[in-house]
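Reader: Could you take a close look at one part for me, the place where the two chains meet? I'd like the whole story in one go.

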Amino acid sequence: MEVDSGAEIQDTVISPEKAEEAKLKARYPNLGNKPGGSDLLRKRLQKGQKYFDSGDYNMAKAKIKNKQLPTAAPEKTEITGDHIPTPQDLPQRKPSLVASKLAG
Amino acid sequence: THTHSHPHTHTLTHTRSHTDIISTVEFNYSGELLATGDKGGRVVIFQHEQESKNRPHLRGEYNVYSTFQSHEPEFDYLKSLEIEEKINKIRWLPQQNAAHFLLSTNDKTIKLWKISERDKRAEGYNLKDEDGRLRDPFRITSLRVPVLMPMDLMVEASPRRIFANAHTYHINSISVNSDHETYLSADDLRINLWHLEITDRSFNIVDIKPANMEELTEVITAAECHPHQCNVFVYSSSKGTIRLCDMRAAALCDRHSKFFEEPEDPSSRSFFSEIISSISDVKFSHSGRYMMTRDYLSVKVWDLNMENRPVETYQVHEYLRSKLCSLYENDCIFDKFECCWNGGDSAIMTGSYNNFFRMFDRNTRRDITLEASRESSKPRATLKPRKVSTGGKRKKDEISVDSLDFNKKILHTAWHPKDNVIAVAATNNLYIFQDKIN
């Protein structure tokens, strides 16, 4: 194939970082374009947030003193009404961000 | 990079196991004591024993001197916030008398601990027996002066000050000022200045909280006082910048005196750029002329007189640049590595993955990768340098990037202030390496 002397040879090598970025965007198309932005930082600031209602807990403890305490369901976000969370049931602390940063 | 004939040959003297993951390591000013804090809120202090007569060619060992529970887990019911007992940082105070003092902090509360020795006990009291029972005063017919008798050494740790309720966000740094009277504590958005004697008040000296949290673009990641100038401190950010502040200029140091940032090539910017530029640690050199910053892939040395770029950049594990996607997915990209200087500021050290840690000689520009693990280090044997293979062909003894264990991170390391002794925390094991004297 004849190459025009004036034609440039396309540089198809992209930086490893950009290649990784493309990989990530392919896996998570909903990922926002502001990675270091406020969402990520605010989740970082919220580390340690646990939704435990001491009022619910103490009232339920008083109500069912003699009965077996029902254990919290694995899905910890659904703590309402009859579900009695105990401090022992609180999820293990994760050192990194609480909510998935990949969630839209 | 040369991996042979490194100027220092390191031997492992011993290891210690913590129950929990070690979260901070710090030598005191003389290097006699080494403090470690862990995820369970415990502090373990090691003391350097004098050289043994049998083995004069080895430096003495570090043995457990004191262990105490510094912080307990707490729950802030008002904010539904769980407060971890994990010790984020320990900083020693300079020694002024026989007792040793250190500051230890978790996410919310800083405590001043006094560690003192008791090796004498008074015996021969008049009013009570040796076992403590009160004597019948009417039976006492003569008076005696109690005598101080030697006893087995007891090391006691007692909390002398508790500095609480000054941080809304999570404390990432504490730093003792060179005036030995004040210290600073930094959280994600604010920095406070304390007096060591006063617990019910602290001065806010930096506040970067925006009026509208939606506009939040960066957080404070680390802060340190200048080693000699008690009016100067620096703080680093999640955007890879460092601000130097002068407390003589204003009470609130929101406006920096110097702003350090390396210019970035806009065409190379990617989704990961800002995340990997986030500075996880900042340390002044002992001389006070330089400072060092650690970001995800490199360590940079800055001359305090030059704000527009670092004077030296060292690649810690550049091969990870082509793994950023998976490192983002498994959260490793957010790991906060620390860095440290040796006593003479001629070498720097920082950790990596697979229990590897890296040392860079600033003069010869040589670097070395070593491993802190029981399998690869036998006591008193020389450490073998490690190499990660980046190309297609993997040489014998090299480890490929894909075989690295990203759960084995070395985030915390410390260098003795005078000697070639280093402490490396690998998960819940502490390794102490020393130079062979010969």
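**Where chain B meets chain A**

Author: Cys339(B) is a good warm-up: it's buried, with a relative accessible area of 0% (buried means under 20%, exposed over 50%, partly exposed in between, using a 1.4 Å probe and protein chains only). Before going on, this is a predicted model, where local features need pLDDT of at least 70, side-chain atom pairs need 80 or more, and totals for chains, interfaces and linings use all residues. Residues count from 1 along each chain as written, chains are lettered from A and ligands numbered from 1 in written order, and side-chain values use heavy atoms, without hydrogens or water.

Now the interface. 43 residues of chain B are in contact with 34 residues of chain A, contact being heavy atoms within 4.5 Å. Together the two chains bury about 3,500 Å², 56% of it on carbon and sulfur atoms; that's accessible area (1.4 Å probe) lost on being put together, summed over both.

You get 3 salt bridges across it, meaning a side-chain nitrogen of Lys or Arg within 4 Å of a carboxyl oxygen of Asp or Glu. Asp188(B) makes a salt bridge with Arg44(A), with the closest N and O atoms 3.5 Å apart. On the chain B side, the elements giving two or more residues are strand 7 (81-83), strand 16 (220-225), helix 1 and helix 2 (324-329). These are DSSP runs numbered from the N terminus: helices are H or I, at least four residues, and strands are E, at least two. Helix 2 of chain B gives the largest share, 5 residues.
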